[in-house]
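Me: I would like to go through the helix packing and the salt bridges in this model. Could we begin with the packing?

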Amino acid sequence: MRFSTIRAHKMGVLDDVDLNLDAIPGKLVGVVGPNGSGKTTLLGLLAGAMYREVPTRGSLGSLARARDSFVEVKAVNGSNWTLRHAVDSVSGAGDSIVLREDGSPAFDSAKRRSFDAWASKHLPPPEVTYASIFSAQQAGGFLDMKAAERKQVLLKILGAERLEALAEAARGRGRDAKTAAARLRGRMDSLPSFDMAEVDAELVQATRGVADAEAALAGAKQADEAAKTYAVTLRRLEDVRKSLGDLEGRRANNAALLPEADKIRQAAARTVELREKLVPAVDAEIAAITAQISTIDGQRRETVARWEAAQRHATDARSRIAAADRVLAGESEVTRATESLQGLRDAVQQTADEEAAAKVCVDELANSLLDGAGKRIGALRAGLTQIATEAGNGIEQRAVATRVLAEDDAAKVEIETGPTRLATARAQLADGAQLLRKRRDDLAHAERIAARAGEFDAARAAKATAAEQLATAEHEATQYEEMKADLEPQKKELADLLAEKNFVRAGYSTEIGGLAVDARRAPHLENASARLAEIDPQIAKLTAEKAELEAAPAVDAETDHLAQAETRLSACRARRERAALAVEQAKKTTVDRANVEAELEATERSVSAAVVLAESLGKDGLQALEADVAAVQLTQMANDLLQNCVSTRWTISIETTRASADGKRELETCDVRVVDTERGRDALVETLSGGERVLIGEAISLAITMFVCQRNGISGATLIRDESGAALDAANSRAYVAMLRRAAELANVHQLLLVSHSPEVQALCDSRIVVADGRVSVEA
């Protein structure tokens with residue numbers, strides 16, 4: 001795994017990081033800065049990008065300080081990948097994505113579990129990483145693990161998962177073979193068991209019984225040989241008679257065909273003629289006539305359709321003539337309405353004028369009533385004013401007063417009669433309005449009737465057109481009726497011809513049926529002569545043998561004695577057959593049992609082979625062997641680093657087995673023993689001092705790194721050491737740096753990032769990454 005760049009925002013104490021590791025010169029790069037400045041966080045983010053967990057710091061979420069915190073690392077692990085994680089410091093939610101070199105996503109989802117699934121397939125296991133390329137602060141690494149944990153790290157480095165998968169497959173085959181073996185044992189149990197000695201003894205005894213019965217029958221056979229021979233002769237005679245009868249029957253059947261040969265041949269020929277010539281010809285004629293009838297039916301349907309359409313057109317024309325007549329019937333009414341229009345319009349105008357005059361009168365009366373009291377008071381005041389202001393004698397004043405009073409009396413009368421006059425005027429106005437509405441309605445009715453005057457010309461034109469169309473439709477209907485009548489004789493003639501052809505076709509079918517018996521005998525007729533030539537010699541031979549057998553003299557015999565002997569012999573033979581059958585069944589069962597046993601043995605061998613294979617591939621087999629070999633190689637690499645860079649004082653050995661307490665067994669382990677030549681002791685690494693363990697642990701960790709790189713063909717990896725040599729003094733620090741350089745050279749490491757507070761170590765670095773105040777910079 002080689003890291004090329006790292007970018008981060010608000011992670012831990014760091015603010016913004018944008019660091020191009022490939023641009024830093026030199027192979028050994030020191031990461032320096034004061035305590036708490038974020039050196040460990042910076043390197044831990046490289047591991048955090050791989051596993052979403054930072055060594056000794058926890059999850060990326062625990063380091064986030066902002067809602068938009070993120071870390072992005074570009075790494076090379078067989079392919080170029082960009083690992084990016086965004087974290088919300090408040091909710092803890094975030095996304096994880098991986099981009100390929102071309103920028104396309106490595107998986108569809110941005111969910112963390114999708115990233116974890118991808119990482120499990122493309123990245124080394126965390127324990128392998130932390131035991132080899134990444135030495136985290138306060139993490140003891142390989143030496144601080146328990147023996148079982150060390151062994152697991154070795155197995156993961158060696159890819160033991162593949163061997164374990166093969167072992168599990170072997171176990172599965174073993175389980176299948178065990179199931180098959182159980183099934184075979186069931187078959188074995190279902191097979192019947194036989195005692196071969198007992199069935200063989202029964203067969204021997206039955207065979208002896210047959211021999212005794214045959215011996216007992218021998219005397220009877222000698223005395224009855226002639227009778228027996230005669231009985232055989234009679235049976236043979238019966239067989240010969242039966243065979244002879246069968247042959248004579250067969251000869252008669254074949255001979256019977258010959259006199260009817262001409263009839264049979266004629267039937268066959270006529271049948272062929274009927275089926276291949278006459279029947280197809282009449283069928284073709286029937287098809288042609290049927291097609292003609294179908295054509296006539298189509299013509300008739302078309303003619304009927306056209307006749308019906310003409311009838312519909314005639315009916316429609318009649319309907320339109322009737323409609324025109326109905327319109328023309330109202331012509332006199334329209335004429336009268338047209339003539340009355342002017343008189344109605346004059347009456348409407350006169351009534352409207354009268355209504356307007358009445359409306360003016362009503363308005364004047366209403367206004368007069370409203371203004372009457374005011375005018376009366378005004379007139380009185382004017383009179384009084386005149387009397388008071390004008391000079392004159394009393395006679396003139398009385399004259400003014402009399403006049404004013406007379407005018408007031410007239411105004412009073414007018415006021416008092418005003419409502420009556422107003423009511424009368426309003427009544428007259430209402431009557432006039434009603435009369436005006438009636439006369440307007442009469443005028444509108446007359447105008448609507450008069451407006452129909454234009455309909456009559458159209459009605460007369462429509463009637464004339466409909467009359468022409470009616471005449472045309474009636475003429476067409478007559479033509480189509482005549483055409484329909486013309487088609488009927490044609491169809492009847494064709495129908496009669498079709499019936500005639502069908503009659504002929506039925507006759508052909510009847511004739512074929514009548515000839516069928518003789519026609520089917522035609523193939524036999526061709527072979528009849530050959531069969532007669534074959535049968536006649538056989539009949540002659542059997543006839544001669546029959547005559548010879550019938551000429552044999554008759555012989556009497558004591559059948560009861562022979563029957564008893566034969567019955568005994570039959571019973572003995574039946575017993576022998578049963579015994580022989582039992583022997584065969586016993587032999588077959590023995591063979592079946594042997595086959596099942598052989599199959600069971602092969603299956604059990606498969607079970608054993610599967611068990612051996614599973615054990616060989618399992619943790620105590622090939623996995624342990626590879627671990628042993630790896631331990632030897634790691635021992636050699638670690639000793640090379642120690643003795644070339646530190647001192648020849650220590651020689652370590654990684655031991656994968658140890659003897660049990662009683663010395664009888666070897667136990668699986670993963671111990672690290674150290675031989676100290678200065679102190680003359682050989683002990684486990686756990687007994688060494690802190691500084692000594694640092695150097696030895698770093699040697700083993702670097703050896704694991706070299707082993708992983710060499711085994712997997714990895715070149716150009718990035719190593720990370722976070723204060724792994726913090727406990728060393730100045731001399732050992734220089735040895736420690738030398739060991740780092742040698743390991744980097746042997747493993748062809750691209751870059752080694754080293755966190756150290758030691759000035760001696762910092763001075764030995766090729767370049768330095770300075771971390772301070774949340775920022776990161778590079779010093780060459």
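Me: How are α15 and α16 oriented to each other?
Reply: This is a predicted model, in which local features need pLDDT of at least 70, side-chain atom pairs count only at pLDDT 80 or more, and totals for chains, interfaces and linings use all residues. Residues are numbered from 1 along each chain as its sequence is written, and side-chain values use heavy atoms, without hydrogens and water. Helix α15 (residues 622-646) and helix α16 (residues 690-712) pack at an angle of about 125 degrees, and are therefore oblique to each other (neither under 35, over 145, nor 65 to 115 degrees).

Me: How far apart are the axes?
Reply: The axes of α15 and α16 are 8 Å apart.

Me: Which residues of α15 meet α16?
Reply: Among them are L634, M637 and L641 of α15, while α16 contributes residues including I700, A703 and F707 (contact means heavy atoms within 4.5 Å).

Me: And by class?
Reply: The contact of α15 with α16 has 16 nonpolar, two polar and two charged residues.

Me: Turning to salt bridges, how many are there?
Reply: The count is 40, taking a side-chain nitrogen of Lys or Arg within 4 Å of a carboxyl oxygen of Asp or Glu.

Me: Which residue pairs with D640?
Reply: D640 forms a salt bridge with R742, with the closest N and O atoms 2.7 Å apart. D640 lies in helix α15 and R742 in helix α17 (residues 730-746), so the pair ties together parts that are 102 residues apart in sequence.

Me: Which residues form a network?
Reply: Salt bridges link R649, D676, E678, R679 and E692 in a network.

Key
Axes fitted to C-alpha atoms, helices over the stretch in contact; angles between N-to-C directions. Helix = DSSP H or I, 4+ residues; strand = E, 2+ residues; numbered from the N terminus. Nonpolar A, V, L, I, M, F, W, Y, C, P; charged D, E, K, R; others polar.
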